[in-house]
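Student: Got a minute to look through a model with me? I'd like to start with a single residue and work outwards.

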Amino acid sequence: MEKNDSGWNLENSYAKLPGLFYTPLKLETVSDPKLVILNQLLAENLGLDAEALRSQAGIDILAGQALPANAKPIAQAYAGHQFGYFTMLGDGRAMLIGEQLTPAGERFDIQLKGSGKTPYSRSGDGKAALGPMLREYLISEAMHYLGIPTSRSLAVVTTGDPVYREKILPGAVLTRVAASHIRVGTFEYAAQWGTTADVKALADYTINRHFPGLLSEPNPYLGLLDAVIKAQAALIAKWQLVGFIHGVMNTDNVAISGETIDYGPCAFMDHYDPTTVFSSIDLQGRYAYRNQPNIGLWNLARLAETLIPLVDDNQQQALKLVEDSLRNFPSLYQADWLQGMRLKLGIADQEPEDERLIADLLGLMKQYQADYTNTFVDLTLDRTQSSELYESDAFKDWLDRWQARRERQEQTDHDSKQLMKQANPVVIPRNHQVEKVLQAATDQDDLKPLQQLVAVLQAPYDYNALNQEFMTPPEPSNSPYKTYCGT
Ligand code: AMP
Ligand code: MG
């Protein structure tokens with residue numbers, strides 16, 4: 001396959017799956033494509049020439065107006081359980097143009113989100129507005145630099161066309177880059193509307209693409225389930241550790257690759273409260289912060305159901321095997337989370353009482369509504385002096401226990417603090433700042449604040465560049481922060 005000048009080097013392996021998995025698309029015309037933001041570093045990692053992408057020909061590709069060599073635009077079919085209810089979905093406003101093979105030999109989906117209607121659009125217009133696409137760009141890139149597996153954002157372009165929401169908004173297209181867009185919901189779709197041969201084709205494709213080591217295992221399909229269970233346990237533990245709330249953990253938004261995908265109503269928690277929900281439509285709190293691990297397991301059970309016919313010819317035996325695998329999730333999750341929490345507290349070894357120590361700190365943070373991110377930064381920097389929490393006797397007792405615990409390990413105080421600096425971000429995309437920079441970008445055409453925040457979020461563990469402006473939590477407010485999906 002030949003690489004062209006701008007570095008596009010596409011293949012279309014997904015389009016070799018049976019036809020029910022996708023629909024070929026035609027490009028929709030937009031009025032006036034303009035580049036808003038381009039991820040230069042990501043472009044380079046993908047083997048793309050950033051200058052070429054900035055040219056009108058490059059922008060036309062990012063806006064879905066032209067195709068690079070070997071592109072084959074498709075919309076992927078999938079189903080999903082949305083808030084517990086099963087339904088047919090599919091890419092309603094996204095188009096996979098192909099898979100970019102990078103100079104390092106990796107393969108990434110290149111997907112244009114907001115590129116127009118597809119056969120799966122249902123009542124939607126297939127479009128996206130600038131604000132939400134910039135929000136996805138900002139938060140997905142922040143997640144990447146926090147060290148959390150995620151889809152990434154290569155660019156946002158405006159289309160020059162309006163999109164009609166509650167207000168008229170500028171239309172935009174985000175270029176999303178992901179290890180793949182194979183979802184739990186893709187397997188549910190195959191199981192519901194395909195044959196066992198279709199489920200097998202999808203499973204084989206997934207194993208080849210994401211878990212090739214399983215090919216030599218005696219039961220690769222059970223191995224696939226186990227690998228996804230492990231990846232999701234690790235992913236959700238990482239979310240919990242930074243206070244990330246995905247907001248819409250429907251099975252169609254769970255990637256088999258173990259990356260975070262679908263940045264709709266997600267947001268980071270400021271003060272620690274396990275019941276936190278930001279999404280305006282999540283009235284029951286199904287996807288609240290504290291529920292994320294359990295919902296993760298529920299979603300994995302939906303994947304397991306689809307794999308039963310492949311796991312063993314004897315369906316009773318297959319059921320038993322997948323149930324045994326699912327039972328591993330809570331301990332896998334707990335081990336990842338506990339290990340992460342130990343590092344956040346500068347603890348390198350293990351003692352049975354560590355769980356109690358962590359739970360007691362979280363209990364106090366909840367009681368005093370302490371800022372989740374900053375409490376760990378304060379512990380890292382010994383800045384536990386002036387706040388209601390820090391002045392409480394209960395916290396002072398806890399601090400003594402923690403200091404004693406750290407002294408019982410081999411690590412020096414300096415080494416322990418180094419661990420903390422690698423585990424406790426000083427900056428996260430705080431909701432009030434995200435809103436502020438998006439407003440400047442969309443209402444005043446001022447991209448500087450957004451670019452500045454993007455840059456700050458590229459070094460979330462840099463303790464040499466503490467920037468109070470980006471570390472300050474919002475003023476307490478009576479109207480809780482709300483987020484929206486499908487915007
Ligand atoms: P999400 O909440 O982003 O996971 O989206 C759920 C489903 O709605 C997916 O099938 C999306 O492709 C589809 N969808 C969301 N917004 C739109 C839109 N504006 N037009 C068409 N489909 C959409
Ligand atoms: Mg989705």
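Student: Let's start with Thr 373: is it buried or exposed?

Tutor: Thr 373 is buried, with a relative accessible area of 5%. Keep in mind that this is a predicted model.

Student: Okay, and where does Thr 373 lie?

Tutor: Thr 373 sits in helix H12, which covers residues 372-380.

Student: Which residues does Thr 373 touch, not counting those up to four places away in sequence?

Tutor: Thr 373 touches Pro 425, Val 426, Ile 428 and Arg 430.

Student: Moving on to packed helices. How do H16 and H17 cross?

Tutor: The axes of H16 (residues 431-443) and H17 (residues 448-456) come within 7 Å and cross at roughly 140°. That angle makes H16 oblique to H17.

Student: Which residues make the contact?

Tutor: From H16 there are Gln 433, Val 434, Val 437, Leu 438 and Ala 440, and from H17 there are Pro 449, Leu 450 and Leu 453. These residues of the contact divide into seven nonpolar, one polar and no charged.

Student: Leu 438 caught my eye. What is Leu 438 in contact with, leaving aside neighbours within four places in sequence?

Tutor: Leu 438 is in contact with Gly 131, Leu 134, Arg 135 and Leu 450. Leu 438 counts as buried, at 8% relative accessibility. There is also a long-range pair here: the C-alpha atoms of Leu 438 and Leu 130 are separated by 9.0 Å, with their positions 308 residues apart along the chain.

Student: And the loop between H16 and H17, which residue with a positive phi lies there?

Tutor: That is Asp 445, in the loop between H16 and H17. Asp 445 has a positive phi of about 55° although it is not a glycine. At 69% relative accessibility, Asp 445 counts as exposed.

Student: What about Phe 83, what is its phi?

Tutor: Phi of Phe 83 is near 50°, again a positive value in a residue other than glycine. Phe 83 lies in the loop between strand S5 (79-82) and strand S6 (85-88). Phe 83 counts as partly exposed, at 24% relative accessibility.

Student: S5 and S6, noted. Which helix has buried residues that pack against S5 and S6?

Tutor: That's H5, whose buried residues pack against S5, S6, helix H6 (196-210), H7 and helix H8 (292-311). Seven of the ten residues of H5 (residues 184-193) are buried, so H5 is largely enclosed by the rest of the structure.

Student: Which residues of H5 are buried, then?

Tutor: They are Val 184, Gly 185, Thr 186, Phe 187, Glu 188, Tyr 189 and Ala 190.

Student: Now the big picture: in the largest nonpolar core, which residues touch the most other members?

Tutor: Leu 154, Phe 187, Leu 379 and Trp 398 do, out of 118 residues in that core. Helix H7 (residues 220-242) gives the most to this core, with 14 residues. Apart from it lies another core, of 27 residues, including Val 427, Leu 453, Val 454 and Phe 470.

Student: What does Leu 154 contact, beyond its neighbours within four places in sequence?

Tutor: Quite a list: among its contacts are Ile 37, Leu 38, Asn 39, Leu 42, Tyr 137, Thr 175 and Val 177.

Student: Asn 39 and Leu 42 ring a bell. What about Glu 141, which residues does it contact with the sequence neighbours left aside?

Tutor: Leaving aside neighbours within four places in sequence, Glu 141 is in contact with Asn 39, Leu 42, Glu 136, Arg 152 and Ser 153. Glu 141 is found in helix H4 (residues 130-146), and at 5% relative accessibility it counts as buried.

Student: How far apart are the C-alpha atoms of Glu 141 and Ser 151?

Tutor: They are separated by 8.4 Å, with the two residues ten apart along the chain.

Student: Last topic, the magnesium ion. Which protein donors does it have?

Tutor: The protein donors are Asn 253 (OD1) and Asp 262 (OD), lying 1.9 to 2.2 Å from the magnesium ion (ligand 2).

Student: Are Asn 253 and Asp 262 buried or exposed?

Tutor: Asn 253 is buried, with a relative accessible area of 8%. Asp 262 counts as buried too, at 18% relative accessibility.

Terms used:
Residues numbered from 1 in each chain as written. Chains lettered and ligands numbered in written order. Predicted model: local features only at pLDDT ≥ 70, side-chain atom pairs only at ≥ 80, totals over all residues. Heavy atoms only, no water. Axes fitted to C-alpha atoms, helices over the stretch in contact; angles between N-to-C directions. Helix = DSSP H or I, 4+ residues; strand = E, 2+ residues; numbered from the N terminus. Parallel < 35°, antiparallel > 145°, perpendicular 65-115°, else oblique. Contact = heavy atoms within 4.5 Å. Nonpolar A, V, L, I, M, F, W, Y, C, P; charged D, E, K, R; others polar. Donors = N, O, S within 2.8 Å, 3.2 Å for Na, K, Ca; no water. Buried < 20%, exposed > 50% of the residue type's maximum accessible area, 1.4 Å probe, protein only. Core = buried A, V, L, I, M, F, W, Y, C linked by side-chain atoms within 4.5 Å.
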